[in-house]
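Q: I'd like a close look at one part of this protein. Please start with the overall layout, then zoom in.

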Amino acid sequence: MMKTFPLRRLAAFFAAMMILFATALPAQAGALGDAKAAGQLGERPDGYVGLVTSAPAGIVSLMKSVNSARRAHYQSVAAKNGTTLDAVQAIMGQKLIGQLSAGQYYMDGGGNWVRR
């Protein structure tokens with residue numbers, strides 16, 4: 001049976017996730033922001049980034065690297081909080097989509113890219 005997040009733990013989780021993405025990989029974060037601003041990458045509801053359009057190999061590599069780092073962190077958070085990876089991914093997907101700037105893309109529930 002899946003455990004639920006207590007409210008305080010959930011707030012601490014979000015704070016830790018945002019700190020991780022803001023400080024852990026600053027060069028990658030800048031490149032990710034640039035790729036999102038250019039409409040090459042967008043946020044998916046599962047907490048990962050995806051290709052909005054065909055992109056150069058460097059953007060594909062960036063996407064894979066970001067997603068790998070996110071997955072490792074999501075797994076760690078899930079284990080620490082006694083919940084599933086799917087639950088952590090869904091929470092972060094909502095949070096990251098909610099933080100997108102105007103003009104950036106996210107994937108809707110039907111698998112279509114939508115511009116904010």
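In what order do the elements of the protein run from the N terminus on? Then the close look: which residues are linked in a network of salt bridges?

A: A caution before the details: this is a predicted model.

Start with the layout. The protein has 4 helices and 4 strands. From the N terminus on, the order is α-α-β-β-α-α-β-β. The chain counts 116 residues, and 35% of them are buried. About 6500 Å² of surface is exposed, with 59% of that area supplied by carbon and sulfur atoms. Distant parts of the sequence meet often: among contacts with a separation of 6 or more, 54% join residues 24 or more positions apart.

Next, the sheet. Its 4 strands form an open sheet, ordered β2-β1-β3-β4, with mixed pairing. β2 (49–51) and β4 (113–115) are the edge strands, and each pairs on one side only. From one strand to the next, the twist averages 45 degrees. Helix α3, residues 57–81, packs on this sheet and touches β1 (41–43) and β2. The direction of α3 makes about 160 degrees with that of β2. Elsewhere in the sheet, β3 (residues 105–107) pairs with β4 in the antiparallel sense, over 3 bridges. Within that pairing, Tyr 106 stands opposite Val 114 of β4.

Now the network. Lys 36, Glu 43 and Arg 70 are the residues linked by salt bridges. Side chains of opposite charge can pair when their charged atoms come close. Take the two links in turn. Lys 36 meets Glu 43 in a salt bridge at 2.9 Å, N to O. Arg 70 forms a salt bridge with Glu 43 too, and here the closest N and O atoms are 2.8 Å apart. Arg 70 lies in helix α3 and Glu 43 in strand β1, so this pair ties together parts 27 residues apart in sequence. The helix carrying Arg 70 is the one that packs on the sheet and touches β1.

How covered is the network? Lys 36 counts as buried because its relative accessible area is 12%, under the 20% cut-off. Glu 43 is buried as well, with a relative accessible area of 0%. Arg 70 is also buried.

Compare a pair that sits outside this network. The protein has 3 salt bridges in the count. One of them joins the side chains of Arg 44 and Asp 46, at 2.7 Å from N to O. Arg 44 is partly exposed, at 22% relative accessibility. Asp 46 is partly exposed too, with a relative accessible area of 28%.

Back to the helix that supplies Arg 70. α3 has 25 residues. From first C-alpha to last, α3 reaches 36 Å, close to the 36 Å expected at 1.5 Å a residue. Arg 70 has buried company along α3, including Ile 59, Leu 62, Met 63, Val 66 and Asn 67. Further buried residues of α3 include His 73, Tyr 74, Val 77, Ala 78 and Asn 81. After α3 comes Gly 82, whose phi is positive, near 65 degrees.

Finally, what else touches Glu 43? Follow helix α4, residues 85–98. α4 has 14 residues and spans 20 Å from its first C-alpha to its last, close to the expected 20 Å. Its buried residues include Leu 85, Ala 87, Val 88, Gln 89, Met 92, Gly 93 and Leu 96. Two others in α4 deserve a closer look.

The first is Ile 97, which lies in α4. Ile 97 is buried, with a relative accessible area of 13%. Leaving aside residues up to four places away in sequence, Ile 97 touches Glu 43, Arg 44, Pro 45, Tyr 106, Met 107 and Arg 116. That list holds Glu 43 of the network. It also holds Arg 44, the partner of Asp 46. Ile 97 and Pro 45 are 52 residues apart in sequence, yet 7.3 Å apart in space, C-alpha to C-alpha.

The second is Ile 91, also found in α4. Ile 91 counts as buried because its relative accessibility is 19%, under the 20% cut-off. Ile 91 and Pro 45 are 46 residues apart in sequence and 8.5 Å apart in space, C-alpha to C-alpha.

To recap the close-up: Glu 43 bridges to Lys 36 and to Arg 70, and Ile 97 touches Glu 43.

Key. Residues numbered from 1 in each chain as written. Predicted model: local features only at pLDDT ≥ 70, side-chain atom pairs only at ≥ 80, totals over all residues. Heavy atoms only, no water. Pairing = 2+ DSSP bridges. Helix = DSSP H or I, 4+ residues; strand = E, 2+ residues; numbered from the N terminus. Axes fitted to C-alpha atoms, helices over the stretch in contact; angles between N-to-C directions. Contact = heavy atoms within 4.5 Å. Salt bridge = Lys/Arg side-chain N within 4 Å of Asp/Glu carboxyl O. Buried < 20%, exposed > 50% of the residue type's maximum accessible area, 1.4 Å probe, protein only. Areas by Shrake-Rupley, 256 points an atom, 1.4 Å probe, with all protein chains shown as cover. Expected span 1.5 Å × (residues − 1).
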